[in-house]
Amino acid sequence: MHELGLIVDVVELTERFAVENRIDRVKKVVLDVGELYYIIPTLMYSVYRSAVKGTRLEGSELELRVVDAAADCAVCGGEFDPLKTDGVCPCCGQSDYTVKAGKEFEIRQIEAGGA
Ligand SMILES: [Zn+2]
């Protein structure tokens with residue numbers, strides 16, 4: 001379950017950000033997660049709810065934005081989603097490609113306030 005490690009990092013980073021910016025309460029955290037992380041959203045939410053206990057994020061909302069995977073074919077230059085095609089380029093049938101999206105994992109937004 002790698003969701004736990006990912007969420008622990010997010011909570012730590014956000015808590016540090018809150019302290020540095022004198023935010024007593026975090027209301028919402030928006031997270032961009034690439035499809036290639038293979039996270040299970042429901043698990044992310046439940047891990048988040050327990051991970052924020054006792055922090056400035058307690059009671060805050062987590063919003064996940066899943067970023068679709070995309071790759072550039074090294075042979076024909078076509079763009080495709082490697083998850084949907086098992087890594088095979090639909091234009092030329094080769095599987096030599098560079099991933100250009102889907103590996104994101106970043107905190108997009110932190111909203112202050114709330115109860
Ligand atoms: Zn191709």
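**Group meeting: a walk through the predicted model**

Let me start with a hairpin, which β3 and β4 form with five residues between them, and in whose turn G77 has a positive phi of about 80°. Please keep in mind throughout that we are looking at a predicted model.

Staying with this hairpin, β3 covers residues 70-73 and β4 covers residues 79-80, and the two run antiparallel, joined by two bridges. If you look for D72, you will find that E79 in β4 stands opposite. On another side of the story, β3 is also joined to β5, residues 97-101, by four bridges, again in the antiparallel sense, and here A70 has A101 as its bridge partner. As a general reminder, strands of a sheet pair through backbone hydrogen bonds, and they may do so in a parallel or an antiparallel way.

Which side chains of β3 are buried, and which are not? They alternate along the strand, with A71 and C73 pointing to one face, where they are buried, while A70 and D72 point to the other and are not buried.

Let me now turn to the sheet made by other strands. Three strands form an open sheet in the order β2-β1-β6, and the pairing is mixed. At its edges lie β2, residues 61-67, and β6, residues 105-112, each of which pairs on one side only, and the twist from one strand to the next averages 15°. Strand β1, which spans residues 26-34, pairs with β6 in the antiparallel sense over seven bridges, and within that pairing V30 stands opposite Q109 of β6. Helix α1, residues 3-20, packs on this sheet, where it touches β1 and β6, and its direction makes about 45° with that of β6.

Stepping back to the chain as a whole, we count two helices and six strands, which follow the pattern α-β-α-β-β-β-β-β when read along the sequence. Why do we call this chain more spread out than a compact globule? Its radius of gyration is 18 Å, well over the 13 Å that the globule rule gives for 115 residues, so the chain is more spread out than such a globule. The C-alpha trace spans about 55 × 25 × 20 Å along its principal axes, and buried residues make up 21% of the 115 residues.

Finally, a word on contacts: of those in the chain with a separation of 6 or more, 71% are accounted for by residues 24 or more positions apart.

Terms used
Residues numbered from 1 in each chain as written. Predicted model: local features only at pLDDT ≥ 70, side-chain atom pairs only at ≥ 80, totals over all residues. Pairing = 2+ DSSP bridges. Axes fitted to C-alpha atoms, helices over the stretch in contact; angles between N-to-C directions. Contact = placed C-beta atoms within 7 Å. Rg over C-alpha atoms; globule rule 2.2 N^0.38 Å. Buried ≥ 20, exposed ≤ 12 C-beta atoms within 10 Å, placed from the backbone.
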